[in-house]
Amino acid sequence: MVLLYKKGDVPCTKITVDYKTNTVEIENYTEDLLDRAFGIIEHPTMKDFEEFIEDRSIPQSRYHFRTEMALLGIEDTSPLGIVKHFHGRCAGDNFCIDFLEE
């Protein structure tokens, strides 16, 4: 899977995830640590990637989570499924995620 983490239309980090080998590779396009997907981490682990995705998702502990997801028509309520649906957008910032390859 290949993802592009962007601030507005500006690419910040390309993330390549290989579930077969359980590896994550990144290519940062910015020197600004605050705009990078993993900040100062140059060699993220699969755990780092999962935490990144969870941070860009709606918490499953949210009140009426299942009801809200059903109203929005979201069948895959995993953090990755939610991030795919909303393109990783969160309130309060200008970042998004494009899924380039599955």
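Arg56 is a buried residue in this predicted model. Its relative accessible area is 9%, and Arg56 therefore counts as buried, the cut-off being under 20%. Along the chain, Arg56 sits in the loop that links helix α1 to helix α2, the latter spanning residues 65-71.

A look at the surroundings of Arg56 helps to fill in the picture. Leaving aside residues up to four places away in sequence, Arg56 is in contact with Tyr5, Val83, Gly88, Arg89, Cys90, Asp93, Phe95 and Ile97. Gly88 also takes part in a polar contact: its backbone oxygen lies 2.8 Å from the side chain of Arg56.

Some of these neighbours lead straight to the sheet. Tyr5 falls within strand β1, residues 2-7, while Phe95 and Ile97 belong to β4, which covers residues 95-101. The sheet itself is open and has four strands, arranged in the order β3-β2-β1-β4 with antiparallel pairing. At its edges are β3 (23-28) and β4, each of which pairs on one side only. On average, neighbouring strands are turned by 20° against each other, with direction ignored.

Helix α1, made up of residues 46-55, packs on this sheet and touches β1, β2, β3 and β4. The direction of α1 makes about 130° with that of β2.

Within the sheet, the pairing of β2 with β3 can be followed in a little more detail. Strand β2 takes in residues 10-18 and runs antiparallel to β3, with six bridges joining the two. Here Ile15 stands opposite Ile26, a residue of β3.

Conventions: Residues numbered from 1 in each chain as written. Predicted model: local features only at pLDDT ≥ 70, side-chain atom pairs only at ≥ 80, totals over all residues. Heavy atoms only, no water. Pairing = 2+ DSSP bridges. Axes fitted to C-alpha atoms, helices over the stretch in contact; angles between N-to-C directions. Contact = heavy atoms within 4.5 Å. Buried < 20%, exposed > 50% of the residue type's maximum accessible area, 1.4 Å probe, protein only. Polar contact = N/O pair within 3.5 Å; in protein donor to acceptor, adjacent residues only side chain to side chain.
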